[in-house]
Amino acid sequence: MAFDLKKIYAAFAIDDPFVNAVPYGTGHINDTYKMDCASTSYIVQRLNTSIFRQPELLMDNFQRVTAHIARKIAAEKSDRKTLQLVLARETGKPFFRDEENNFWRCYHFVDQARTYDILETPEQAFQAAAAFGQFQCDLADLERLNETIVDFHNTPSRLRNLEAAIKADRCHRLAKVGKEVDFVMRRAADCSVLIDLQKKGELAERTTHNDTKLNNVLIDPATQRAVCVIDLDTTMPGLPHYDFGDMVRTGTSPAAEDERDLSLVGMRFEMFEALLRGYLSQAKFLNPLEKELLPFSGKLITLEIGIRFLTDYLEGDVYFKTKREDHNLDRCRTQFKLVESIESQLDAMKKLNASIR
């Protein structure tokens with residue numbers, strides 16, 4: 001679908017002549033463009049409202065989070081950064097709704113920083129994990145955000161969705177994924193561990209990012225320091241384990257999320273150690289049980305995302321963008337291979353975690 005991006009540019013309070021706009025990034029959900037103006041650049045995104053069905057509440061969260069962090073940064077006179085929204089020219093709102101009811105947002109492009117789909121060094125892992133730990137600390141005193149996607153990281157709910165997709169088999173793909181279904185069902189008991197502890201009051205709800213792929217942290221290529229946490233659409237109430245678990249999922253394997261050669265997939269222990277030390281350097285708010293469960297969370301969230309890819313595959317690829325046949329199945333298989341690698345190293349992960357004070 002083609003959009004008149006110059007017209008979208010004009011809807012935001014920018015007084016810098018428009019030059020060009022091109023697709024940007026590798027996200028699965030929103031349509032993202034880098035918009036270059038005469039003297040600076042911006043990121044413009046069309047929200048996928050079939051996924052984010054409450055875009056106004058989402059943008060309320062986005063605005064509150066970025067303003068809150070900006071105040072923290074200003075008070076400590078830090079060189080850290082946060083995303084800076086550009087308001088709509090006519091309404092002053094943090095989004096623009098066009099004639100086709102598309103929701104658009106715009107924020108300043110963070111220059112002299114880049115993302116890494118696959119982390120190259122333990123120092124990058126340390127920095128990214130510390131940034132997410134700092135992000136959680138920054139938001140610890142923020143009033144409760146809107147829950148824009150109910151049960152987003154509720155693994156038992158994700159398992160029920162998979163079971164429904166298996167029963168319906170509306171795309172007649174079930175025969176192709178028997179091994180993957182068996183893999184999940186053998187680990188079904190793991191799915192409820194965190195939710196059950198939260199229901200008992202042993203784990204506290206906190207404000208979390210909920211999508212801590214390591215390419216959601218901007219890193220300065222010159223200093224290798226984390227600069228800014230991005231992609232805030234799922235920032236809402238959650239458990240810190242959701243964030244740490246997704247860091248393990250996305251930061252420890254040298255393979256791409258959709259790698260077909262599963263021999264390349266595995267958890268690099270040195271990357272896990274860097275993530276754990278980086279996160280714990282900032283996440284001082286964790287109680288002993290929360291800290292104890294960090295290694296398990298890596299396994300759980302990797303399993304959960306694999307379940308989501310498998311469910312989407314069975315339902316006809318309706319959630320995640322795909323670029324080839326069986327793309328979501330490839331993604332699912334990559335996650336499950338990583339789960340196996342994590343399981344094989346879980347005792348060592350727990351031992352390391354216990355040793356860090």
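Colleague: What makes Asn101 noteworthy in the hairpin of strand 5 and strand 6?

Modeller: In this predicted model, five residues lie between the two strands of that hairpin, and among them Asn101 takes a positive phi near 65°. Most residues other than glycine have a negative phi. Strand 5 covers residues 96-97, and Arg97 has Phe103 as its bridge partner in strand 6.

Colleague: How do you know that strand 5 and strand 6 count as paired?

Modeller: Two bridges join them, in the antiparallel sense, and since at least two bridges are needed for two strands to pair, the requirement is met. Strand 4 is likewise joined to strand 6 by two antiparallel bridges, with Leu85 standing opposite Tyr107.

Colleague: What makes strand 6 count as largely enclosed?

Modeller: Five of the six residues of strand 6 are buried, so the rest of the structure largely encloses this strand. Strand 6, residues 103-108, also pairs with strand 3 in the antiparallel sense over five bridges; Val44 stands opposite Cys106 there, and Gln45 stands opposite Arg105.

Colleague: Why is strand 3 called mostly covered?

Modeller: Buried means under 20% relative accessible area, and six of the six residues of strand 3, which spans residues 41-46, are buried. In a regular strand the side chains alternate between the two faces of the sheet. In strand 3, Ser41, Ile43 and Gln45 point one way, while Tyr42, Val44 and Arg46 point the other way, and all of these are buried.

Colleague: What makes strand 2 and strand 3 a pair?

Modeller: They are linked in the antiparallel sense over six bridges, and the pairing criterion of at least two bridges is therefore satisfied. Strand 2 covers residues 31-37, a hairpin of three residues joins it to strand 3, and Thr32 stands opposite Gln45.

Colleague: Ala113 sits in a loop, so why is Ala113 called buried or exposed?

Modeller: Ala113 has a relative accessibility of 16%, and because the limit for buried is under 20%, Ala113 counts as buried. Its loop runs between strand 6 and helix 3, and, not counting residues up to four places away in sequence, Ala113 touches Leu218, Ile219, Asp220, Pro221 and Val227.

Colleague: Is His68 buried or exposed, and what makes it so?

Modeller: His68, found in helix 2 (residues 55-76), has a relative accessible area of 10% and is buried, as that value falls under the 20% limit. Leaving aside neighbours within four places in sequence, His68 is in contact with Asp138, Leu139, Asp141 and Leu142.

Colleague: What makes Lys77 count as buried or exposed?

Modeller: The relative accessibility of Lys77 is 77%, and on that basis Lys77 counts as exposed, exposed being defined as over 50%. Lys77 lies in the loop between helix 2 and strand 4, and its phi is near 55°, a positive value in a residue other than glycine.

Colleague: How do you know whether His172 is buried or exposed?

Modeller: At 70% relative accessibility His172 counts as exposed, since the cut-off is over 50%. His172 is placed in the loop between helix 4 and helix 5, and its phi, too, is positive, near 55°.

Colleague: Why is the crossing of helix 4 and helix 5 called left-handed or right-handed, and which residues make the contact?

Modeller: The axes of helix 4 (residues 155-168) and helix 5 (residues 178-185) come within 12 Å and cross at roughly 145°, and the crossing is left-handed, a term that refers to the near helix being turned anticlockwise from the far one by less than a right angle. The contact is made by Leu159, Leu162, Glu163 and Ile166 of helix 4 together with Val181, Val184 and Met185 of helix 5; these residues divide into six nonpolar, no polar and one charged.

Colleague: What makes Leu310 stand out in the largest nonpolar core?

Modeller: That core has 95 residues, and Leu310, with Phe244 and Tyr279, touches the most other members. Its largest share, eleven residues, comes from helix 10 (residues 294-315). Not counting residues up to four places away in sequence, Leu310 touches Leu162, Val177, Glu180, Val181, Val184, Cys332 and Phe336. A second, separate core of 15 residues includes Leu5, Ile8, Met35 and Cys106.

Methods: Residues numbered from 1 in each chain as written. Predicted model: local features only at pLDDT ≥ 70, side-chain atom pairs only at ≥ 80, totals over all residues. Heavy atoms only, no water. Axes fitted to C-alpha atoms, helices over the stretch in contact; angles between N-to-C directions. Helix = DSSP H or I, 4+ residues; strand = E, 2+ residues; numbered from the N terminus. Contact = heavy atoms within 4.5 Å. Nonpolar A, V, L, I, M, F, W, Y, C, P; charged D, E, K, R; others polar. Core = buried A, V, L, I, M, F, W, Y, C linked by side-chain atoms within 4.5 Å. Buried < 20%, exposed > 50% of the residue type's maximum accessible area, 1.4 Å probe, protein only.
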